[in-house]
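User: Please take a close look at a single part of this model, namely the pairing of its strands, and then set that part in its surroundings. I would prefer one connected account to a list.

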Amino acid sequence: MLELIRHNIQLNSLKSRALSLELNWGDPLPQVVLDQKPNVIIAAECVYFEPAFPLLLQTLKDLLELNSEAVVYFCFKKRRRADMQFVKVAKKAFAVDELFDEDRPVFSRQSLFLFSFRNKTHRKLDESHVNMVVKRYHYVGWHMPISRG
Ligand SMILES: C[S@@+](CC[C@H](N)C(=O)[O-])C[C@H]1O[C@@H](n2cnc3c(N)ncnc32)[C@H](O)[C@@H]1O
């Protein structure tokens, strides 16, 4: 996966603007992430292995604690009942909103979900920002790596 991300960065001439890093969920965030305090975090297709849920949750908590205005865009295809369990747990830790756009009926038929997770104290969404991200997300489809925003 990491190789593929590097390859994509190269193909898109993004070397000066994008960096690929390995992070095992639950591990301390790399220094470069601590320094940058990302404000947009995209997590696509990350709920398929239940034992890793607490580790993923910890990483998302660490990221949202770094930057009180950060937002996690969290998307997945629901394959098993347990997948929704992650959202249930996330609701206890974060302010969770389901995001909608004009293609929601199509996504629904395919059991595709898109949520935002934010720090509970910064619930209010900046609508224009959400629209921008949803559009970009729509263009690239479901194959997005976890990004530093
Ligand atoms: C189904 S892939 C999705 C990849 C990419 N986000 C996409 O949408 O194409 C799931 C990703 O979760 C990552 N992953 C699974 N368990 C992990 C863990 N314990 N720590 C870090 N990453 C993990 C895998 O490396 C993989 O990149």
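Analyst: A word on burial comes first: a residue counts as buried if 20 or more other C-beta atoms lie within 10 Å of its own, as exposed if 12 or fewer do, and as partly exposed in between, with C-beta atoms placed from the backbone. Glu-45 has 15 other C-beta atoms within 10 Å and is therefore partly exposed; this residue is found in the loop between E1 and H3, and its phi is near 55°, a positive value in a residue other than glycine. On the other side of E1, the loop that comes from helix H2 (31–36) holds Lys-37, whose phi is likewise positive, near 50°, in a residue other than glycine. Lys-37 counts as partly exposed because 15 C-beta neighbours lie inside 10 Å. All of this describes a predicted model.

The part you ask about is an open sheet of four strands, arranged in the order E1-E2-E4-E3 with mixed pairing. At its edges stand strand E1 (40–44) and strand E3 (95–98), each of which pairs on one side only. Averaged over neighbouring strands, and with direction ignored, the turn of one strand against the next is 20°. As a general matter, the strands of a sheet pair through backbone hydrogen bonds, and they do so either parallel or antiparallel.

Taking the pairs in the order of the sheet, E1 and E2 run in the parallel sense and are joined over five bridges, with Ile-41 standing opposite Val-72 in E2. To get from E1 to E2 the chain passes through H3, and this β-α-β crossover is right-handed. E2 is then joined to E4 by seven bridges, and these two strands run antiparallel; here Lys-77 has Leu-112 of E4 as its bridge partner. The last pair is that of E3 with strand E4 (residues 112–118), which is antiparallel over four bridges. Within this pair, Val-96 stands opposite Phe-117 in E4, while the bridge partner of Glu-98 in E4 is Phe-115.

Against this sheet packs helix H4 (residues 81–93), which touches strand E2 (71–77), E3 and E4 and whose direction makes about 135° with that of E3. H4 also meets helix H3 (residues 53–66), since the two axes come within 11 Å and cross at roughly 35°, and the crossing is right-handed. On the H3 side the contact is made by Phe-53, Leu-57 and Lys-61, and on the H4 side by Phe-86, Val-89, Ala-90 and Ala-93. Sorted by class, this contact has six nonpolar residues, no polar ones and one charged residue. H3 thus takes part in two of the features described here, as the helix of the crossover from E1 to E2 and as a partner of H4.

As for the surroundings, the protein has six helices and four strands, and from the N terminus on its elements run α-α-β-α-β-α-β-α-β-α. Of the ten residues of helix H1 (residues 2–11), the number buried is zero, so this helix lies largely in the open. Ser-13 follows H1 and has a positive phi, near 50°. Asn-24 has its place in the loop between H1 and H2, and with 9 C-beta neighbours inside 10 Å it counts as exposed. Asn-24 is nevertheless 8.7 Å from Leu-56 in space, C-alpha to C-alpha, with their positions 32 residues apart in sequence.

Two totals for the whole protein complete the setting of the sheet. Of its 149 residues, 14% count as buried. Among the contacts between residues at least 6 apart in sequence, 75% join residues at least 24 apart.

How values were computed: Residues numbered from 1 in each chain as written. Predicted model: local features only at pLDDT ≥ 70, side-chain atom pairs only at ≥ 80, totals over all residues. Pairing = 2+ DSSP bridges. Axes fitted to C-alpha atoms, helices over the stretch in contact; angles between N-to-C directions. Contact = placed C-beta atoms within 7 Å. Left-handed = near helix turned anticlockwise from the far one by under 90°. Nonpolar A, V, L, I, M, F, W, Y, C, P; charged D, E, K, R; others polar. Right-handed = clockwise from strand over helix to strand, strands pointing away.
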